[in-house]
Amino acid sequence: MSQIFIAILLLILSLGASETSSAQTSDASMKAHELTAALDKTKYKKKEKKNVVAEFYIDIKNEAAVKNSAAEYSGSYFADDGNYNVELRVSTDGRVEGSGTDTRFEGLNFDKQKLKKFTFRNARIEGALLTATKVYEDGETRKFEAVFVNRTVLTGKNPNEIETRETKFGLGFIETHANFSNRVFCEFKP
């Protein structure tokens, strides 16, 4: 009788553990989806002056990029403007280490900016979501959430006249400063 009781208890505990794991994966998936959507952007401008019409259209769409193994995310990620970079090392057993640099501003003074080095603490990859704590050289810490994405950029005169289409793999996140935030995309460089 006690063996049956123990077997039932073990079954119940294992079901509870799988539900918790499933909920954590679901939370990471939902957060990755929300962050991916927040990185999207569409902009259209049209100006007319003395019978001359100038139009500009850009559409940036991101799709979460889940790899077969977290180790496939290892590498260097660089923003085009040089203001952000991330170096990731992911072992085959899923351990994540990383470092990089951010651009930091002094208040709202955009002329006073500097690159600050950081390392990751408690870094994890779940699906396409990377979470960690950035630890800067001066001891400052900041929460970090990013998503691995395939980013497609369409540009042209308007939505019906697309001139270029480019898709790149990389790491996207929202960087928040004193009174503003910006979307950051760091392209993967193997």
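# A strand-rich chain and its charged residues

Welcome: a good place to start is Lys116, a charged residue that is buried, with a relative accessible area of 12%. Please keep in mind that this is a predicted model. The protein chain has 1 helix and 10 strands, and 33% of its 190 residues count as buried. The notes below begin with the chain as a whole and then visit some individual residues.

**The chain as a whole**

- Reading from the N terminus, the helix comes before the strands, in the order α-β-β-β-β-β-β-β-β-β-β.
- The protein chain exposes about 12,200 Å², and carbon and sulfur atoms supply 51% of that area.
- Among contacts between residues at least 6 apart in sequence, 43% join residues at least 24 apart.

**Lys116 and its partners**

- Which residue does the side chain of Lys116 meet in a salt bridge? The partner is Asp138, at 2.9 Å from N to O.
- Lys116 belongs to strand E6, while Asp138 sits in the loop between strand E7 (129–136) and E8, so this pair ties together parts that are 22 residues apart in sequence.
- The two partners differ in their cover: Lys116 is buried because its relative accessible area of 12% is under the 20% cut-off, whereas Asp138 is exposed at 53%.
- The pair is also part of a network of salt bridges that links Lys116, Asp138, Glu140 and Arg142.

**Other salt bridges**

- Side chains of opposite charge can pair when their charged atoms come close.
- How many salt bridges are counted in this model? The count comes to 15.
- One of them joins the side chains of Lys46 and Glu48, with 4.0 Å between N and O.
- In that pair, Lys46 is partly exposed, with a relative accessible area of 47%, and Glu48 is exposed, with 61%.
- Another salt bridge is formed by Arg124 and Glu126, whose closest N and O atoms are 3.2 Å apart.
- Arg124 is partly exposed, at a relative accessible area of 45%.

**A patch of positive charge**

- On the surface, Lys41, Lys43, Lys45, Lys47, Lys49, Lys50 and Arg183 gather in a patch of positive charge.
- Which element gives the largest share of this positive patch? That share, 5 residues, comes from strand E1 (residues 41–49).
- Arg183 joins the patch from its place in strand E10 (residues 181–189).
- Arg183 is partly exposed because its relative accessible area of 44% falls between the 20% and 50% cut-offs.

**Two asparagines with positive phi**

- Most residues other than glycine have a negative phi.
- Asn51 has a phi near 65°, a positive value in a residue other than glycine.
- Where does Asn51 lie? Its place is the loop between E1 and strand E2 (52–64), and it is exposed, with a relative accessible area of 85%.
- Asn122 also has a positive phi, near 55°, and is likewise a residue other than glycine.
- Asn122 lies in strand E6 (residues 109–126).
- Is Asn122 buried or exposed? Asn122 is exposed, with a relative accessible area of 61%.

**Arg151 and its surroundings**

- Arg151 has its place in strand E8 (residues 141–158) and counts as partly exposed, at 22% relative accessibility.
- Not counting residues up to four places away in sequence, Arg151 touches Ile60, Lys61, Asn62, Glu166, Thr167, Lys168 and Phe185.
- Arg151 and Leu39 are 112 residues apart in sequence, yet their C-alpha atoms are 9.2 Å apart in space.

**Arg95 in a loop**

- Arg95 is found in the loop between strand E4 (85–90) and strand E5 (96–106).
- Arg95 counts as exposed, because its 57% relative accessibility is over the 50% cut-off.
- Which residues are in contact with Arg95 once its neighbours within four places in sequence are left aside? They are Arg89 and Val90.
- Computed along the sequence is one thing and in space another: Arg95 and Ala71 are 24 residues apart in sequence and 8.6 Å apart in space, C-alpha to C-alpha.

Note on methods:
Residues are numbered from 1 along each chain as its sequence is written. This is a predicted model: local features need pLDDT of at least 70, side-chain atom pairs count only at pLDDT 80 or more; totals for chains, interfaces and linings use all residues. Side-chain values use heavy atoms; hydrogens and water are left out. Patches are made of residues with over 30% relative accessible area and no salt bridge: like charges are joined within 9 Å, nonpolar side chains (Val, Leu, Ile, Met, Phe, Trp, Tyr) within 5 Å. Accessible areas come from the Shrake-Rupley method with a 1.4 Å probe; for residues, only the protein chains shown count as cover. Lys and Arg count as positive and Asp and Glu as negative; His and the chain ends are not counted. The place of a charge is taken as NZ of Lys, CZ of Arg, CG of Asp or CD of Glu. Helices (H or I, at least four residues) and strands (E, at least two) are DSSP runs, numbered from the N terminus. Buried means under 20% relative accessible area, exposed over 50%, partly exposed in between (1.4 Å probe, protein chains only). Contact means heavy atoms within 4.5 Å.
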